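Reader: I would like a close look at one part of this model. Start with a strand pair, then work outward to the packing around it.

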Amino acid sequence: MQQLFKLNTKNLPLFPPEAAFPEYDRSLIKTGIVYIGVGAFHRAHQAVYTDMVLQTPGNNGWGICGIGFPESDRKIVDSLVQQDGLFTVMITEPDGILTARVIGSIVECLYAPDDPQAVVEKIADPGIKIITLTITELGYNFDPATGEILINEPAVRDDLKNPENPKTIFGYLTLALKRRMVRGLKGLTIQSCDNIPLNGDMLKRLLQAYVAKAEPGMTDWINTEISFPNSMVDRIMPVITNKDKENLKAVFSIDDACPVVCEPYMEWVIEDDFANGRPPWETVGARFVKDVVPYEKMKIRLLNGGHSLLGFMGTLYECKTVDEAVTIPLIAEFLRNFMDREVTPVLGTAEGINLTRYKDILIQRYENPYIKDNLSGICMESSVKIPKFVLPTIRENLEKGAEIKRATTIIAAWCWYLELAGTTGHTWDIEDSMKELLHKNALASVKEDPLAFIKTETLFGDLALSERFATAYLSIIDGFRKYGAEIVMRYIDQIA
């Protein structure tokens, strides 16, 4: 009978050699990075880059303290604490070959709601040089239409009234940075790793807006001592399943309570603007540049925009996963035409990137049958995603007089998806913070105002006033309702 071993430091020597393990002495690693948000993406991306850096001599000052922030992080933090911060990254190649790597870069873990002061003191520790965060768009408490902080949102108001007991990211950062300032410590770098255009600029703008209300005397110090580099991150990972955990046990004898599954592909493009030093991530594959914009625009418009297309069209085709959707020839052709004819012309040039090759690889990544990326997750919180991933492409092409048919089809498919949710034969749920308004306006577009959905100003702004967009949208949504998704995709040039 196969012998299983719980993943922890003591058991590392007992595991069979088929998996890769940390080759450095973790007891010598000092914490230099605080990471807020220890979900799957961080553990399959930034923690992996940092683990590879720690493998090389002279870099033992860049260990990570993982901070659990939302309620969903509690179980992860508990598991990481029990496993001494260790976890496994399971990488599945398109040919089915499974590899496993135990990551050792997380050397401390805290759960913010249980002990806010411990988290604040950790950020204020003089040894901390970088704060990185992946808290999803919702964690920033901002209006996606205006890009401004929701200063009157209840959690933000509560932090302003009770600054010593923070709940939001801005409350934590302000309190910790104030302590660093008062103690005369050096500044640091705060790096967003979320899928938000110009995420560093956005984070700085939102934090300064909060600080202006909470601690206006800190504004100049933050401008002088804190840097906010923009970054672009990329790696696809599905939600972990019990089957994945059983595979890890069966193949590698590792009993891990919090592994992650991901594709082989991994990319990180970072603006080289660090206030107090940084790890040499470029030695393990990261790309440091002066301007991240061309790279993030490419990734957000192609990969994330393509994901939204696959999410809605695949669901309307009764598919469950990305790989299932993209292997339908008509969907794949529609997706590639969207990329080639509508996205690529507005991208510009990213140094060192061959766009044709990038798109070829992207399709291959979508097709990986062992990365079961659920379409339900792709469609989730589309009210935050679509304004970033799709609408900018539409607006830029409207300005240029260029094609908008396929990008507009994504918007119409979203509306139809909302209309059908919960009806006979359409069992999906709408998982979105704007669920009620979205559903109401989608239904209103059927019986009341045909433009009701795209008149949702918090999402679309004044886009409904564009005669060209509105005309294309009305033709396409009418095509969906009369003929279905297949006919719309097959005859999009005639319909729009």
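How many bridges join strand β2 (residues 31-36) to strand β7 (residues 130-133)?

Author: First, the ground rules. This is a predicted model: local features need pLDDT of at least 70, side-chain atom pairs count only at pLDDT 80 or more, and totals for chains, interfaces and linings use all residues. Residues are numbered from 1 along each chain as its sequence is written, and side-chain values use heavy atoms, with hydrogens and water left out.

Now the pair. Strands β2 and β7 are joined by 4 bridges and run parallel. Strands pair if DSSP finds at least two bridges between them. Strands here are DSSP runs (E, at least two residues), helices are runs of H or I (at least four residues), and both are numbered from the N terminus. One bridge sets Val34 against Ile131 in β7.

That pair sits in an open sheet. Its 5 strands follow the order β6-β3-β2-β7-β8, with parallel pairing. The edges are β6 (106-111) and β8 (189-192). Each has a single partner strand, so one side of each is left without a neighbour in the sheet. From one strand to the next, the twist averages 20°. Helix α4 (residues 116-124) packs on this sheet. The helix touches β2, β3 (63-68), β6 and β7. Contact means heavy atoms within 4.5 Å. The direction of α4 makes about 140° with that of β6. Axes are lines fitted to C-alpha atoms, for helices over the stretch in contact, and angles run from 0 to 180 degrees between N-to-C directions.

There is another sheet to set beside it. This one is open too, with 3 strands in the order β5-β4-β11 and mixed pairing. Strands β5 (98-103) and β11 (260-262) stand at the edges. Each has a single partner strand, so one side of each lacks a neighbour in the sheet. Direction ignored, neighbouring strands are turned by 25° against each other on average. Strand β4 (residues 87-92) pairs with β5 over 6 bridges, in the antiparallel sense. There, Val89 stands opposite Arg101 in β5. Helix α9 (residues 242-252) packs on this sheet and touches β4, β5 and β11. Its direction makes about 95° with that of β5.

Next, helix against helix. The axes of α5 (residues 154-161) and α7 (residues 199-214) come within 10 Å and cross at roughly 45°. The two are therefore oblique to each other. Under 35 degrees counts as roughly parallel, over 145 as roughly antiparallel, 65 to 115 as roughly perpendicular and the rest as oblique. Val156, Asp159 and Leu160 in α5 meet Tyr210, Lys213 and Ala214 in α7. By class, that contact has 4 nonpolar, no polar and 2 charged residues. Ala, Val, Leu, Ile, Met, Phe, Trp, Tyr, Cys and Pro count as nonpolar, Asp, Glu, Lys and Arg as charged, and the others, Gly among them, as polar.

Helices α15 (residues 382-389) and α16 (residues 391-400) have axes that come within 4 Å and cross at roughly 30°. They are therefore roughly parallel to each other. Ile386, Pro387, Lys388 and Phe389 of α15 make the contact with Leu391, Pro392 and Thr393 of α16.

Last, one side chain. Arg365 lies in helix α13 (residues 355-367). At 9% relative accessibility, Arg365 counts as buried. Buried means under 20% relative accessible area, exposed over 50%, partly exposed in between (1.4 Å probe, protein chains only). Leaving aside residues up to four places away in sequence, Arg365 touches Asp234, Arg235, Ile236, Glu263, Tyr265 and Leu303.
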